[in-house]
Amino acid sequence: MDQPQVVSRDEWLAARKELLVKEKELFRALDKLNADRRRLPMTRVDKDYRFTGPDGEVRLLDLFDGRGQLVLQHFMFDPSWDAGCPSCTAMADDLSEGARAHLASRDTAFAAVSRAPYPKLAAYKQSRGWTFPWYSSHGSDFNYDFDATMDPATGPNRYNFRSGEELTAAGQGWLIDYVGEQPGVSAFLREGEEVFHTYATYGRGVEVMMHAYRLLDITARGRHEDWEEPKGRVAAPRESDPGFTS
């Protein structure tokens, strides 16, 4: 099994400082990217979406819990399922009460939304010991409108902001006829009684909620997944598994 080269402390320090230059370049690039995110225009949410929670029916505005911003996890949970998607479950596992308190201190709420009926969500939430707000969009257009559920019968499929032609060109043509759930994370802004959609991310963008991945990324053996370089760092590398089920 391949291991990092063993060197003196001085040699390690020199190599670490060389990598630090690249890390600082990356952080500066991320700062610029985050600024560009904040400069994105926003779009008003005109539909009167309704959700079901522990206290009955609520509006999208209610998910803000009185705060100015909302981060929302599009949690994959089809109405026919009895358990949530493993990768979305792993994302939710990484969301601590402390993290939500930190968001709240910056005028930002967190909630999850799934298409399964609320009793299924409540049962699964209890089994996992979760405390975050989780609402059902069952019977509404919410998941379809925000590209968290795909079904060609409701309109042309798009994924990660790509149309059918763009999906085909990217080697993802199979998604054109796909029927089912997809993970995502959206951000909303509230101005009085008006709600605006400011950001959404899909695909690997949802790793923003996967803190375990971020910690593994600073280790010598990484995520233990077979796509990573350098090869041979783990005896039995796994396929990419954001649900940590294998």
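I take helices (H or I, at least four residues) and strands (E, at least two) as DSSP runs, numbered from the N terminus. The model I am reading is predicted, so I accept local features at pLDDT of at least 70 and side-chain atom pairs only at pLDDT 80 or more, while totals for chains, interfaces and linings use all residues. Residues are numbered from 1 along each chain as its sequence is written, and side-chain values use heavy atoms, with hydrogens and water left out.

**Entry 1: helix H1**

I started with Asp 36 and Arg 39, which stand three residues apart in helix H1 and are therefore separated by about one helical turn. The two form a salt bridge (a side-chain nitrogen of Lys or Arg within 4 Å of a carboxyl oxygen of Asp or Glu), and their closest N and O atoms are 3.1 Å apart. For accessibility I call a residue buried under 20% relative accessible area, exposed over 50% and partly exposed in between (1.4 Å probe, protein chains only). On that scale Asp 36 is partly exposed at 45%, whereas Arg 39 is exposed at 62%.

I then looked up Leu 33, which is found in helix H1 (residues 9–39) and is partly exposed with a relative accessible area of 40%. Leu 33 joins Leu 26, Phe 27 and Leu 30 in a nonpolar surface patch with about 370 Å² of accessible area together. Patches are built from residues with over 30% relative accessible area and no salt bridge, like charges being joined within 9 Å and nonpolar side chains (Val, Leu, Ile, Met, Phe, Trp, Tyr) within 5 Å. The areas come from the Shrake-Rupley method with a 1.4 Å probe, and for residues only the protein chains shown count as cover.

Asn 34 also has its place in helix H1, and I found this residue partly exposed at 27% relative accessible area. As a distance check I took Asn 34 against Asp 151, which are 117 residues apart in sequence and 32 Å apart in space, C-alpha to C-alpha.

**Entry 2: helix H2**

I counted six of the eight residues of helix H2 (residues 86–93) as buried, so this helix is largely enclosed by the rest of the structure. The buried residues are Ser 87, Cys 88, Thr 89, Ala 90, Met 91 and Ala 92. With contact meaning heavy atoms within 4.5 Å, the cover over these residues includes strand E4 (69–74), helix H4 (118–128) and strand E9 (184–191).

**Entry 3: aromatic pairs**

I paired rings of Phe, Tyr and Trp (its six-membered ring) if their centres lie within 6.5 Å, calling planes under 30 degrees apart stacked, over 60 edge-to-face and the rest tilted. By this rule the count comes to 19 aromatic pairs. One of them joins Phe 132 and Trp 134, a tilted pair at 6.0 Å centre to centre with 45° between the planes. Both rings belong to buried residues, Phe 132 at 2% relative accessibility and Trp 134 at 1%.

A second pair I noted is Tyr 213 with Phe 244, whose centres are 5.2 Å apart and whose planes stand at 50°, so this pair is tilted. Tyr 213 lies in helix H7 (residues 211–216) and Phe 244 in the segment after H7, so the pair ties together parts that are 31 residues apart in sequence. Tyr 213 is buried at 1% relative accessible area, whereas Phe 244 is partly exposed at 39%.

I also recorded a cluster in which ring pairs link Phe 75, Phe 77, Phe 110, Tyr 124, Trp 130, Phe 132 and Trp 134.

**Entry 4: charges**

Returning to Tyr 213, I found the charged end of Arg 223 over its ring, 3.9 Å from the centre; the criterion is NZ of Lys or CZ of Arg within 6 Å of the ring centre and within 35 degrees of the ring normal.

A search of the whole structure gave me 22 salt bridges. Among them is the one between Arg 204 and Glu 207, with the closest N and O atoms 3.0 Å apart. Arg 204 is exposed at 54% relative accessibility, while Glu 207 is buried at 8%. Salt bridges with shared partners join Arg 204, Glu 207, Arg 214, Asp 217 and Arg 223 into one network.

My last lookup was the salt bridge of Arg 158 with Asp 147, at 2.9 Å from N to O. This pair links distant parts of the chain, 11 residues apart, with Arg 158 in the loop between strand E7 (149–150) and helix H6 (164–169) and Asp 147 in the loop between helix H5 (142–145) and E7. Arg 158 is partly exposed at 40%, and Asp 147 is buried at 8%.
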